[in-house]
Amino acid sequence: MQVVVCKNASEGAEIVTEEILSALSKKPELVLGLATGSTPIEVYERLICAHKEDGVDFSSVQTFNLDEYCELNADHPQSYRTFMREHLFGEINISEENIHFPPSEGPELAEKCLRHEEEIRQAGGIDIQLLGIGSNGHIGFNEPTSSLASRTRIKTLTEKTLRDNSRFYEDPSEQPQVASTLGIGTILDARRILLQAYGDKKAEAVKASVEGPISSFWPGSALQMHADVTFVLDESSAAHLEMIDYFRKSRTEGLRLQKDNTA
Ligand code: F6R
């Protein structure tokens with residue numbers, strides 16, 4: 001596990017965007033796992049900029065979003081499909097058939113969720129998985145006590161998640177209570193994972209995920225079992241980390257080695 005403590009969220013977004021663009025330049029048919037929410041927005045803005053200003057081509061990229069609400073239709077203003085269209089897909093040259101969301105509508109959802117896992121496999125697996133983290137430690141909508149081996153399925157949202165997201169709903173009765181989400185096991189299958197967390201509201205979840213014991217009570221802690229994961233943080237979200245000086249030092253040393261090797 002790597003932990004990068006940035007001076008602010010913008011520096012974090014820059015690091016994440018650079019890594020995606022570098023991977024895309026080596027593999028045009030990159031498979032990206034994507035998150036919604038406020039955290040990844042600046043990365044999406046930077047990817048749009050790379051497309052519009054530098055001609056970066058997304059036509060062969062495939063995307064798999066982490067989650068989608070079950071009781072909202074696709075064009076509802078709060079659906080994650082709408083979010084992705086507005087914040088990324090509508091502004092880059094990605095093909096509609098290369099965009100995937102976990103099944104969230106209609107009958108036989110459990111079977112459809114299993115077929116979704118097969119679609120990820122057929123795409124060759126996720127190359128880079130972007131994650132945010134809930135203040136309760138959820139990744140995707142894998143709420144506390146989710147099985148660490150879980151696959152794509154329907155989850156009931158916790159009161160904490162509903163409270164965190166209630167600002168998007170004028171009428172509380174409209175807020176969905178269930179969502180489909182890639183499982184923790186599905187997320188751990190990604191080759192590379194980049195988790196961004198910014199602001200003091202995430203500090204407790206970051207501390208538990210990075211330094212706590214692995215526990216389904218803090219789903220982010222499952223990432224300790226992944227061989228190639230980086231937590232990209234700012235000073236506030238990293239504030240509770242006991243090992244913060246070590247993480248700062250290992251970043252400086254890593255950059256120095258990189259410089260020596262390219263000199
Ligand atoms: C969204 C998702 C969630 C969010 C998390 C943080 O697709 O998977 O796990 O990443 O709730 O949300 P923000 O970024 O709004 O703080």
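## Salt bridges, sheet and helix packing in a predicted model

With a relative accessible area of 33%, Arg248 is partly exposed. This residue belongs to a model that is predicted. The side chain of Arg248 meets that of Glu235 in a salt bridge, at 2.5 Å from N to O. Glu235 is likewise partly exposed, its relative accessible area being 36%. The pair links distant parts of the chain, for Arg248 lies in helix H8 (residues 244–262) and Glu235 in the loop between S10 and H8, 13 residues apart.

**Further salt bridges**

In total, the structure holds 17 salt bridges. Three of them are set out below.

| Pair | N to O distance | Separation in sequence |
|---|---|---|
| Arg248 and Glu235 | 2.5 Å | 13 residues |
| Arg151 and Glu117 | 2.9 Å | 34 residues |
| Arg191 and Asp127 | 2.6 Å | 64 residues |

Arg151 is placed in the loop between S6 and strand S7 (153–156) and Glu117 in helix H4 (residues 109–122), so their salt bridge ties together parts that are 34 residues apart in sequence. Arg151 counts as partly exposed at 30% relative accessibility, whereas Glu117, at 4%, counts as buried.

The pair of Arg191 and Asp127 also links distant parts of the chain: Arg191 is in the loop between helix H6 (184–188) and S9, and Asp127 is in the loop between H4 and S6. Arg191 has 45% relative accessibility and counts as partly exposed; Asp127 is buried, with a relative accessible area of 10%.

Salt bridges with shared partners also join Glu19, Arg192 and Asp228 into one network.

**The sheet**

An open sheet is formed by seven strands, in the order S1-S10-S9-S6-S2-S3-S5, with parallel pairing. Its edge strands, S1 (2–6) and S5 (99–100), each pair on one side only. Within the sheet, strand S2 (residues 31–34) runs parallel to strand S3 (residues 62–65), and four bridges join the two. In one of these bridges, Val31 has Gln62 in S3 as its partner. Helix H1 (residues 9–26) packs on the sheet and touches S1, S2, S6 (128–131), S9 (192–197) and S10 (229–234). The direction of H1 makes about 160° with that of S9.

**A pair of helices**

The axes of helix H2 (residues 41–54) and helix H3 (residues 80–87) come within 10 Å and cross at roughly 45°. The two helices are therefore oblique to each other. Ile41, Tyr44 and Ile48 in H2 meet Phe83, Met84 and His87 in H3. By class, this contact has five nonpolar residues, one polar residue and no charged residues.

Note on methods:
Residues numbered from 1 in each chain as written. Predicted model: local features only at pLDDT ≥ 70, side-chain atom pairs only at ≥ 80, totals over all residues. Heavy atoms only, no water. Pairing = 2+ DSSP bridges. Contact = heavy atoms within 4.5 Å. Axes fitted to C-alpha atoms, helices over the stretch in contact; angles between N-to-C directions. Parallel < 35°, antiparallel > 145°, perpendicular 65-115°, else oblique. Nonpolar A, V, L, I, M, F, W, Y, C, P; charged D, E, K, R; others polar. Salt bridge = Lys/Arg side-chain N within 4 Å of Asp/Glu carboxyl O. Buried < 20%, exposed > 50% of the residue type's maximum accessible area, 1.4 Å probe, protein only.
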